[in-house]
Amino acid sequence: MRPAETTPGGAAGAGGPEDSGGPGEGWPEPVRGARPGGALPGTPGSADGTVPGSTDAGRTVPGDTDPGLSALLENDTADLYEHAPCGFLSTFLDGTIARINTTLLEWLGHRREQLVDRRRFSDLLTVGGRLYHETHFAPLLRLHGEARGIALELRRADGSRLPVLVTSVVKTGDDGRPLLVRTTVFDARDRRAYERELLRARREAEREHQRLRRLVTTLQRSLVPPALPEVPGLETAAHYRAASADEVGGDFYDLFPLTADRWGFFLGDVSGKGPEAAGMTSLIRYTLRAAAAHAPDARTVLATLNTALLQAHQGDDPHFCTVLHGDLAPDGDGFRVTLASGGHPPALLLRADGTAVYRHAPGGLLVGAVPTAEFAVTTLRLGPGDTLLLYTDGLTEARTDTSGGRYGEDALLSFAAGLAPAGPRAAVTAVSGLLDGLGEGLEDDTALLALGVPGPAGGPAER
């Protein structure tokens, strides 16, 4: 058996101030005779222990009038070690416990003679704690001479676990030779309970986040058709790219029959995001469909939508949208298209001859912004191999660099020229890949709708 660690005036293994800055190996004796607020013995001062010029002169010191407090202060160092609000223990270099304070003994439910010179610190740990101690804690202590704030679990005498935070420091002699390891143990039960509650709250937040995403996805899908209808002699394709999985966007598109040989279509973008934008999108889709079935032309359809939006959203927070609305009807081996614009970016025409141009409808105002809005109309013919591509501004306004540069209409026109004479499916697939490449630069949702007439069998429009 090794000689237990002793302190001047104390027996081996008995409670004492060794681990808390009190008398012990290499620790100075506390200065006796000092009182709170008073001068140390030998310090020039007044008879009552105050320093001349001090603001405390003449004030009564509690220790002078309360014998119990004075005695407690006199013996404070030893008591602080034994009954500190944290655990103290000293171990030899092989981990054998040399001293342990009363606080830690009470936490563990052991008697002093059961541990001192009989058990190692690692014996007090759980199985997982011993493994961590051997593989991480002890090597760290040997390498750096200290290990601070390590979370471990101690086993109590009754088999229960006590979560703790442990700090250990190697104490050396005058020759630098390691002699002891001094360890402070803090009760981490409240912290562990807080961490568990924090983990529970995080998991609940993650579940709520997943529920929100499912709700957003479901709501977003309800704002666009699940599939485009088949139009004889026409190839169609569409794509919706959400910029965020956590927020409903306001982009929309649709293709629907008006008569046996006439079809309506639209694509647009509402102001704002979230539930209000979703509600507005739903109103726009149904209004456009209803108006297109009864209005004589595309311009009148947008005028009807303008009135509906102004009536639905009156007040200081008006809502508006940009939209391209059109109708198409068979025309020989192609289709005749009438296109009305309500402040929306121009459509792209990918021609069968391999060129690409914008089809502008200049002068069209935002829909829902002012009561007297005017809307521009243009007409065109889609022949074999031609594709009309409609898109929302999430594409052209995507960031392309950290300085805030935007993709822009010129870049899109160059990209489209490289696609022509691609058919609708090929064009939408290519632009979808472009959106993927923009990554985090895509700050707004993007909708795509492509309408085209198939080219001759085996021709380039079918690639």
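Is D117 buried or exposed? Let me start there, since it's a nice small puzzle to open with. D117 comes out at 19% relative accessibility, and because the cut-off for buried is under 20%, D117 counts as buried. You'll find D117 in the loop between α5 (112-115) and α6 (127-144). The backbone there is a bit unusual too: phi of D117 is near 65 degrees, which is a positive value in a residue other than glycine. One thing to keep in mind for everything I say today: this is a predicted model.

Okay, on to the sheet. What is the order of the strands in this open sheet? There are five of them, and they go β7-β8-β9-β10-β13, with antiparallel pairing. β7 and β13 (376-382) are the edge strands, so each of those pairs on one side only. If you follow the sheet across, the twist averages 15 degrees from one strand to the next. For anyone who wants the quick reminder, strands of a sheet pair through backbone hydrogen bonds, either parallel or antiparallel.

Let's walk across it, starting at the β7 edge. β7 and β8 run antiparallel and are joined by eight bridges. They also form a hairpin, with two residues making the connection. If you want to find your way around on the screen, look for F256, which stands opposite G264 in β8, and then Y253, which stands opposite L267 in β8. Now, β7 is an edge strand, but how many of its nine residues are buried? Seven of the nine are, so β7 is largely enclosed by the rest of the structure.

Further along we get to β9 and β10. These two pair in the antiparallel sense over nine bridges. D331 has G334 in β10 as its bridge partner. This is another hairpin with two residues between the strands, and in that hairpin G332 takes a positive phi near 65 degrees. As for β10, eight of its nine residues are buried, so β10 is largely enclosed by the rest of the structure as well.

The last step takes us from β10 to β13. That pairing is antiparallel too, over seven bridges, and here S341 has A376 in β13 as its bridge partner.

So that's the sheet. What lies across it? Two helices to talk about. α8 lies across β7, β8 and β9, and runs at about 20 degrees to β7. α9 lies across β9, β10 (334-342) and β13, and runs at about 150 degrees to β9.

Let me zoom in on α8, residues 275-294. The helix has 20 residues and reaches 29 Å from its first C-alpha to its last, close to the 28 Å expected. Which residues of α8 are buried? Among them are A277, A278, M280, T281 and I284, and R285 is on that list as well. And what do the buried residues of α8 pack against? There's α7 (189-222), then the strands β7 (251-259), β8 (262-270) and β9 (321-331), and also α9 (298-312).

That brings us to the pair of helices. In general, two packed helices are described by the angle between their axes and the distance between the axes. For α8 and α9, the angle is about 145 degrees and the axes are 9 Å apart. α8 passes α9 in a right-handed crossing. The residues that meet include M280, L283, I284 and L288 on the α8 side, with V301, L302, L305 and L309 among those on the α9 side.

Two more spots before I stop. One is E235, in strand β6 (residues 235-241). At 13% relative accessibility, E235 counts as buried. What does the E235 side chain make a polar contact with? The side chain of R425, at 3.1 Å. Leaving aside residues up to four places away in sequence, E235 also touches G423 and P424, as well as A450, L451, G452 and P454.

The other spot is P421, in the loop between α10 (408-419) and α11 (424-438). Have a look at the bond just before that proline: A420 and P421 are joined by a cis peptide bond, with omega at about 5 degrees.

That's my tour, thanks everyone.

Key: Residues are numbered from 1 along each chain as its sequence is written. This is a predicted model: local features need pLDDT of at least 70, side-chain atom pairs count only at pLDDT 80 or more; totals for chains, interfaces and linings use all residues. Side-chain values use heavy atoms; hydrogens and water are left out. Helices (H or I, at least four residues) and strands (E, at least two) are DSSP runs, numbered from the N terminus. The expected span of a helix is 1.5 Å times one less than its number of residues. Buried means under 20% relative accessible area, exposed over 50%, partly exposed in between (1.4 Å probe, protein chains only). Contact means heavy atoms within 4.5 Å. Two strands pair if DSSP finds at least two bridges between them. Axes are lines fitted to C-alpha atoms, for helices over the stretch in contact, and angles run from 0 to 180 degrees between N-to-C directions. A polar contact is a pair of N or O atoms within 3.5 Å; within protein, one must be able to donate a hydrogen and the other to accept it, and residues adjacent in sequence count only if both atoms are side-chain atoms. A crossing is left-handed if the near helix is turned anticlockwise from the far one by less than a right angle, and right-handed if clockwise.
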